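The following exercises are to be worked with the sequence and the coordinates at hand. Each task is followed by a solution in steps.

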Amino acid sequence: MRLTRRDALALGLGATAASFLPLRAVASAEEAIAAFTGGVEPAEGGVTLNAPEIAENGNTVPVSVEAPGATAIILIATGNPQPGVATFNFGPLAGAQSAATRIRLAGTQEVIAIAKMADGGFARASRVVKVTIGGCGG
Amino acid sequence: MAASAIAGASGFGNWARLAARQALTQEQLLEFDTFGNVTLLHVTDMHAQLKPVYFREPEINLGVGAQKGLVPHVTGAEYRRMYGIEDGSPLHYALTWDDFTALARAYGRIGGVDRAATAIKAIRAERPGAIVLDGGDTWQGSYSALKTGGADMVRVMNALGVDAMTAHWEFTLGIDRVTEIVDNELDFPFLGANIFDKEWDEPAYEPYRMFERGGARVAVIGQAFPYMPVANPGWMFPGLSFGIRQERMAEVVAEVRAAGADCVVLLSHNGFDVDRKLAARVDGIDVILTGHTHDALPEPVQVNNTFLIASGSHGKFISRIDLDIRDGEMKGIRHKLIPLFADVIAPDPEMAALVRKERAPFAAEMGEVIGRTSSLLYRRGNFNGTWDDLICNALLEEREADIALSPGFRWGASVLPDSEITREDIFNATAMSYPAAYRTEMTGEMLTLILEDVADNLFNPDPYYQQGGDMVRVGGMGYTIDINKPQGERISDMTLLRTGERIDPAKTYVVAGWASVNQGTEGPAIWDVVESYIRRKGTVSVEPNTSVKVVGA
């Protein structure tokens, strides 16, 4: 339950950043997606996004993506100041179209994965990852 | 198969108590039309209660979103009507909150591992090989468990003949102690399919154990509390990662089916709503033995082909589940939630002797009378209960604070009004490994952030985002909560009770609390703060708390 004032300040700033920025952040998340898809509307399904529902540590959140038959997967953290997290490209010799990484999340937000398929189509998956103070479960 | 109600039992004292004993018998409580070929026995969330307890079930236990109005979010008279439980009956007392004091005086305490041992021995006599499963929160919650690092509970659960367990508060003993117990002291497997080594992202504990019983193969998969490092101090087990890990659960179910399981049982510490969602998302689980949220239900809840069992807490109940498993699948289920009325079920002599032995080294300290209470002290409920009101009052006065915070733990036995408060009673509500009562300054903005954060852990409409505790208890400050709003909009009207003034986001307040998950928190142990307060008062009384207003229930 207890936070130091420094933590409180950091959290407060994070929350402020998230609540002040959504328009710009979402816009730039959308821009990043549009740049990746060229404006093609992605289908739901075909890409799997694995992330915890509640982050154990918002500074290093394990995220993995998989999309059989994809040539590339882009990972977007919609609530981060820089929403574009990574783009994974898979060559024709790639054994599996999957990748795992750890990302930092500024606060509770939606994480999106979009896969570019070999046939030119796109697939989308998303998950809300909650970043919490915690400490009161019981 | 509900235990029969007795006619006309109400009121106080020995007369009603004798009536209770005459009308209710051990045979009735354990009566069961043995069924199928496999029996499961489930205990969970005992919180180290070796002896029978008083434990008042919640008055307020709200469900939001799709869970609204569904069990376990039904309490009191509505619960009794739902299950056909007669007012004033033993099950009224065991399962609902109202008239608690009068009924407690009539029916006495419930639970005790010596009574559980009697039930288990009787059931195993007619169904040898009945599988006894412990859902965790077993090694924490009492004076003796705290002083022995859970060793008393480990010896008792070994003697009880437990076949497997999973965990939550166990990890708050620290990873070194857990490893020592699991490797050297525990006679049965410690299961957790969702516990991973953080560095290598590999399973850290045995995910399941296969049992061969009655010609069938029963896989028992363990699922530890998913939000261990979020709700409890992660620094105490720094190398471990948890989480719900639904995909992992689907993989383990497929793995045990491929290994020949005819029946799949999930021994879970997810919490009821999380398990209900999991059952709808992951196929192939026959029975989920739920835990963590301390719900007791007299009937299973069916989700698709999965049956959810809720066995209560603090050792009050044991669930018996008989299964008919043939031709590679579960064909039928029969269930009974057995309340262990301590005045009705005879203690098992061997277990009673072991409990005496475990408690003997601490008997003098535990038995010391610190003061008296004129109020019923209880904890359970979504918002402030009288135990935490007492703790908050102690924090406000002893630590000279404006506002006090007490965590929304669901464990803690009740104390009846007009009775002594012993040191053991105080530890039953506070015994844990990070007890420092801090005193710090927080802005009004920070306090709002905390209340909003905890409220979302309880009232997020998606159960996967809930952590299974109750709302943080607050002393010295009132507030209004709209449980149906999103995070950031639920809390309003925060008021400093001392002055009646609104909490100012920019102003700084002195806040005292306990159970911080931050490493290095300083302050006296909460039990010392509470003991000092009760000693000073002599007799404590807790006024009805009207400072939390709930909207949207």
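**Exercise 1. A helix and its buried residues**

Task: Compare the span of helix H6 of chain B with the span expected at 1.5 Å a residue, and identify which residues of H6(B) are buried.

Solution. The model under study is a predicted one.
Step 1. Helix H6 of chain B covers residues 113–126, which is 14 residues.
Step 2. From its first C-alpha to its last, H6(B) reaches 20 Å, close to the expected 20 Å.
Step 3. Residues count as buried under 20% relative accessible area. In H6(B), the buried residues are Val113(B), Asp114(B), Arg115(B), Ala116(B), Ala117(B), Thr118(B), Ala119(B), Ile120(B) and Ile123(B).

**Exercise 2. The six-stranded sheet of chain B**

Task: Determine the strand order of the open sheet of six strands in chain B, and describe the pairing of S9(B) with S8(B) and with S11(B).

Solution.
Step 1. The order is S8-S9-S11-S12-S14-S13 in chain B, with mixed pairing.
Step 2. S8 and strand S13 (301–303) of chain B each have a single partner strand, so they form the edges and leave one side of each without a neighbour in the sheet.
Step 3. Direction ignored, neighbouring strands are turned by 25° against each other on average.
Step 4. Strand S8 (residues 208–213) and S9 of chain B are antiparallel and share six bridges; within this pair, Phe211(B) has Val218(B) as its bridge partner.
Step 5. Two residues separate the strands of the S8(B)–S9(B) hairpin, in which Gly214(B) adopts a positive phi near 55°.
Step 6. On pairing with strand S11 (residues 263–268) of chain B, S9(B) runs parallel, over six bridges. Here Gly222(B) is matched with Leu267(B).
Step 7. Strand S9 of chain B (residues 216–223) is mostly covered, seven of its eight residues being buried.
Step 8. Two helices are then added to the picture. Helix H11 (residues 246–258) of chain B lies across S8, S9 and S11 of chain B at about 160° to S9(B). Helix H12 (residues 272–281) of chain B lies across S11, S12, S13 and S14 of chain B, at about 170° to S14(B).

**Exercise 3. The four-stranded sheet of chain B**

Task: Establish the order and edges of the open sheet of four strands in chain B, and state which helix lies across S18, S20, S21 and S25 of chain B.

Solution.
Step 1. The strands follow the order S20-S25-S18-S21 in chain B, and the pairing is mixed.
Step 2. Strand S20 (437–443) and strand S21 (473–475) of chain B are the edge strands, each pairing on one side only.
Step 3. From one strand to the next, the twist averages 25°.
Step 4. Strand S18 (residues 403–406) and strand S25 (residues 508–514) of chain B pair in the parallel sense through three bridges, and Ala404(B) is placed opposite Ala512(B) of S25(B).
Step 5. The helix in question is H17 (residues 444–459) of chain B, which runs at about 115° to S20(B).

**Exercise 4. The surroundings of Arg490(B)**

Task: Decide whether Arg490(B) is buried or exposed, and name the residue whose backbone oxygen lies 2.8 Å from a polar atom of the Arg490(B) side chain.

Solution.
Step 1. Arg490(B) is in the loop between strand S22 (477–482) and strand S23 (491–496) of chain B.
Step 2. The relative accessible area of Arg490(B) is 2%, so this residue is buried.
Step 3. The backbone oxygen belongs to Lys485(B).
Step 4. Not counting residues up to four places away in sequence, Arg490(B) touches several others, including Glu452(B), Asp456(B), Phe459(B), Thr480(B) and Asp482(B).

**Exercise 5. Backbone exceptions**

Task: Compare the burial of Asp99(B) and His292(B), and find the form of the peptide bond from Val71(B) to Pro72(B).

Solution.
Step 1. As a reference, most residues other than glycine have a negative phi, and most peptide bonds are trans.
Step 2. Asp99(B) has a positive phi near 55° and sits in the loop between helix H4 (90–95) and helix H5 (100–107) of chain B.
Step 3. His292(B) has a positive phi of about 80° and sits in the loop between S12 and S13 of chain B.
Step 4. Asp99(B) is exposed, at 54% relative accessibility, whereas His292(B) is buried, at 0%.
Step 5. The bond from Val71(B) to Pro72(B) is cis, with omega near 5°; Pro72(B) belongs to the loop between strand S2 (52–53) and helix H3 (76–83) of chain B.

How values were computed. Residues are numbered from 1 along each chain as its sequence is written. Chains are lettered from A and ligands numbered from 1 in the order in which they are written. This is a predicted model: local features need pLDDT of at least 70, side-chain atom pairs count only at pLDDT 80 or more; totals for chains, interfaces and linings use all residues. Side-chain values use heavy atoms; hydrogens and water are left out. Two strands pair if DSSP finds at least two bridges between them. Axes are lines fitted to C-alpha atoms, for helices over the stretch in contact, and angles run from 0 to 180 degrees between N-to-C directions. Contact means heavy atoms within 4.5 Å. The expected span of a helix is 1.5 Å times one less than its number of residues. Buried means under 20% relative accessible area, exposed over 50%, partly exposed in between (1.4 Å probe, protein chains only). A polar contact is a pair of N or O atoms within 3.5 Å; within protein, one must be able to donate a hydrogen and the other to accept it, and residues adjacent in sequence count only if both atoms are side-chain atoms.
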